[in-house]
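Me: I've got a model open and I'd like to learn how to read its charged pairs, its strands and its core. Can you walk me through them?

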Amino acid sequence: QVQLVESGGGLVQAGGSLRLSCAASGRTFSTYAMGWFRQAPGKEREFVTAISWRGGTTYYEDSVKGRFTISRDNALNTVYLQMNSLKPEDTAVYYCAANLYGSSWRELTKDREYDYWGQGAQVIVSS
């Protein structure tokens, strides 16, 4: 069992920055990969980024490459999403998710590969 709690969402102007945090509890945090997804109004949930259990490997969706950075602190049981150069199209509810049983990087872009989800953090980017 894993519990995930996001924080750090909010309203920001285009070009600004936000950092989301996702605090995990339950199973040992350093043993599983983590991902971030987002869902914009009227759209399906989409993959944003993922990070390996040690943090040595990351993977990004093309539209956020160079702007977003995923990281994790296994001592603090927390994964972060630093979002820079935000655009109005980044407006969405952002979810962190835990992949407990291991998947390929291609599979980690799919939400069905994740076993636990946070409640979501709203990010609104104004133009």
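Reply: Sure. Keep in mind that this is a predicted model. Let's start with charges: Arg-38, Glu-46, Arg-67 and Asp-90 are tied together in a network of salt bridges.

Me: What is the general idea behind such pairs, and how far apart are the closest N and O atoms of Arg-38 and Asp-90?

Reply: Side chains of opposite charge can pair when their charged atoms come close. Here, the closest N and O atoms of Arg-38 and Asp-90 are 2.9 Å apart. The two sit 52 residues apart, with Arg-38 in strand β4 and Asp-90 in the loop between β8 and β9.

Me: Is Arg-38 buried or exposed?

Reply: Arg-38 has 5% relative accessibility, so it counts as buried. Asp-90 is buried too, at 1%. Now look at Arg-45 and Asp-111, which also form a salt bridge, 3.4 Å from N to O. Arg-45 counts as partly exposed because its relative accessibility is 31%, and Asp-111 is partly exposed at 30%.

Me: Next, strands. Which side chains of β11 point to which face?

Reply: In a regular strand the side chains alternate between the two faces of the sheet. In β11, Ala-121, Val-123 and Val-125 point to one face and are buried, whereas Gln-122, Ile-124 and Ser-126 point to the other and are not. As for neighbours, β2 runs parallel to β11, while β9 pairs with β11 in the antiparallel sense.

Me: And which residues touch the most other members of the largest nonpolar core?

Reply: In soluble globular proteins, nonpolar side chains tend to be buried together. In this 30-residue core, they're Met-34, Trp-36, Met-83 and Tyr-94. Strand β11 is among those supplying at least two residues each.

Notes: Residues numbered from 1 in each chain as written. Predicted model: local features only at pLDDT ≥ 70, side-chain atom pairs only at ≥ 80, totals over all residues. Heavy atoms only, no water. Core = buried A, V, L, I, M, F, W, Y, C linked by side-chain atoms within 4.5 Å. Buried < 20%, exposed > 50% of the residue type's maximum accessible area, 1.4 Å probe, protein only. Helix = DSSP H or I, 4+ residues; strand = E, 2+ residues; numbered from the N terminus. Pairing = 2+ DSSP bridges. Salt bridge = Lys/Arg side-chain N within 4 Å of Asp/Glu carboxyl O.
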